[in-house]
Amino acid sequence: MKMLSRSDDATIAYEHVPGAGPGIVFLSGFNSNMQGDKALYLDQWCREQGRQFTRFDYFGHGSSSGDFAEGTLGRWIEDAIHVFDEVTDGPQLLVGSSMGGWIMLHVALARSERVRALVGIAAAPDFTRGLAEHGLSPEQKLQLELSGLCFIDNCYDDGEPYPISQQLLEEGAGHCLLGGEDIAIPQPVRLLHGQCDGDIPWRTSLKLAEKLTSTDVEVHLVKDGDHRLSRPGDLARLGRTLQALLGQESVHG
């Protein structure tokens, strides 16, 4: 594991596999990290191909510095762009899981000339808006009003509740993409989404597909798929999706 410093002395933990291009960058989800099943699968997949691969932890996630409860979408987008600029080389394919699918879009908008294609896995653009508008109970809203922080249930991993700050919700509103103009991303995009996803409705991927300016967009619905899409069959599907996107290109150094 390596550490990348930011100008404010925060550190971003990352792993980078040197190799041929186009490379792949994995952007993990909310309160997730670069040690998850999808990240590790992609690490092995790229190593087998001799392909460049990069994964990392946002501020307050995994092995990076910072307090998770103090994180915001803008901060995490900055982290992703900083890793993209300082660690990766040449054209890249972005793979974003859940919140990482939202951040992936902002990286593609900021660095369009180096992004070759995008793959979203249960992509969650604008999820903070959904939380703010209809995802919190009256009790949680009261917690936010009184302390600026509330907690939502976590049905994954250790089961510890997720802290949600008023700052996260307010700042996230400035990065929402689905309610405004079309999203000016011309590259090929593939969106994988489970129809049993209890966190992000699969129709979110349909909305995203409609907003993208790219004419090469496909939505792949997995009827029995959950939010994570990390079962062996799901990972194999991800590999096939990447191979189809990259298969026509020669791997080059």
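This report walks through a predicted model of one protein chain, from its overall form to a few individual residues.

**The chain as a whole**

The chain is built from eight helices and ten strands. A compact globule of 253 residues would have a radius of gyration near 18 Å, and the chain has 17 Å, so the value agrees with that expectation. Along its principal axes, the C-alpha trace spans about 55 × 40 × 35 Å. Of the 253 residues, 54% count as buried, while the chain exposes about 11,300 Å², of which carbon and sulfur atoms supply 48%. If one takes the contacts between residues at least 6 apart in sequence, 72% of them join residues that are at least 24 apart.

**Strand S3 and its partners**

A useful place to begin looking is strand S3, which covers residues 20–27. Eight of its eight residues are buried, so the strand is largely enclosed by the rest of the structure. Strand S3 pairs in the parallel sense with strand S4 (residues 51–56) over four bridges, and within this pairing Ala 20 stands opposite Arg 51 of S4. Between these two strands the chain passes through helix H1 (residues 37–49), and the resulting β-α-β crossover is right-handed. Strand S3 also pairs in the parallel sense with strand S5 (residues 92–97), here over five bridges, and the bridge partner of Phe 26 in S5 is Val 95. When following such strands in the model, it helps to remember that in a regular strand the side chains alternate between the two faces of the sheet.

Strand S3 also holds Pro 22, and the peptide bond that joins Gly 21 and Pro 22 is cis, with omega about 0°.

**Nonpolar cores**

Which residues touch the most other members of the largest nonpolar core? In this core of 51 residues, they are Leu 27, Trp 76, Leu 94 and Ile 103. Leaving aside neighbours within four places in sequence, the contacts of Leu 27 include Phe 56, Tyr 58 and Ala 80, as well as Leu 94, Val 95 and Ile 103. Apart from this core lies another one, of 20 residues, among them Phe 53, Leu 93, Leu 238 and Leu 246.

**Two loop residues with positive phi**

Ser 98 has a positive phi although it is not a glycine, and Ala 122 likewise has a positive value in a residue other than glycine. The table sets out their angles, places and accessibilities.

| Residue | Phi | Loop between | Relative accessibility |
|---|---|---|---|
| Ser 98 | about 55° | S5 and helix H3 (99–110) | 11% |
| Ala 122 | near 50° | strand S6 (115–121) and helix H4 (127–135) | 0% |

Buried means under 20% relative accessible area. Ser 98, at 11%, therefore counts as buried, and Ala 122, at 0%, therefore counts as buried too.

**Gln 166**

Is Gln 166 buried or partly exposed? With a relative accessible area of 28%, Gln 166 is partly exposed. This residue lies in helix H6 (residues 166–172), and, not counting residues up to four places away in sequence, Gln 166 touches Leu 144 and Gly 148. Its C-alpha atom is separated by 8.3 Å from that of Cys 150, a residue 16 residues apart from Gln 166 along the chain.

Key: Residues are numbered from 1 along each chain as its sequence is written. This is a predicted model: local features need pLDDT of at least 70, side-chain atom pairs count only at pLDDT 80 or more; totals for chains, interfaces and linings use all residues. Side-chain values use heavy atoms; hydrogens and water are left out. Buried means under 20% relative accessible area, exposed over 50%, partly exposed in between (1.4 Å probe, protein chains only). Two strands pair if DSSP finds at least two bridges between them. A crossover is right-handed if, with the strands pointing away from the viewer, the path from the first strand over the helix to the second runs clockwise. A nonpolar core is a set of buried Ala, Val, Leu, Ile, Met, Phe, Trp, Tyr and Cys residues joined through side-chain atoms within 4.5 Å. Contact means heavy atoms within 4.5 Å. The radius of gyration is taken over C-alpha atoms; the globule rule is 2.2 Å times the number of residues to the power 0.38. Accessible areas come from the Shrake-Rupley method with a 1.4 Å probe; for residues, only the protein chains shown count as cover.
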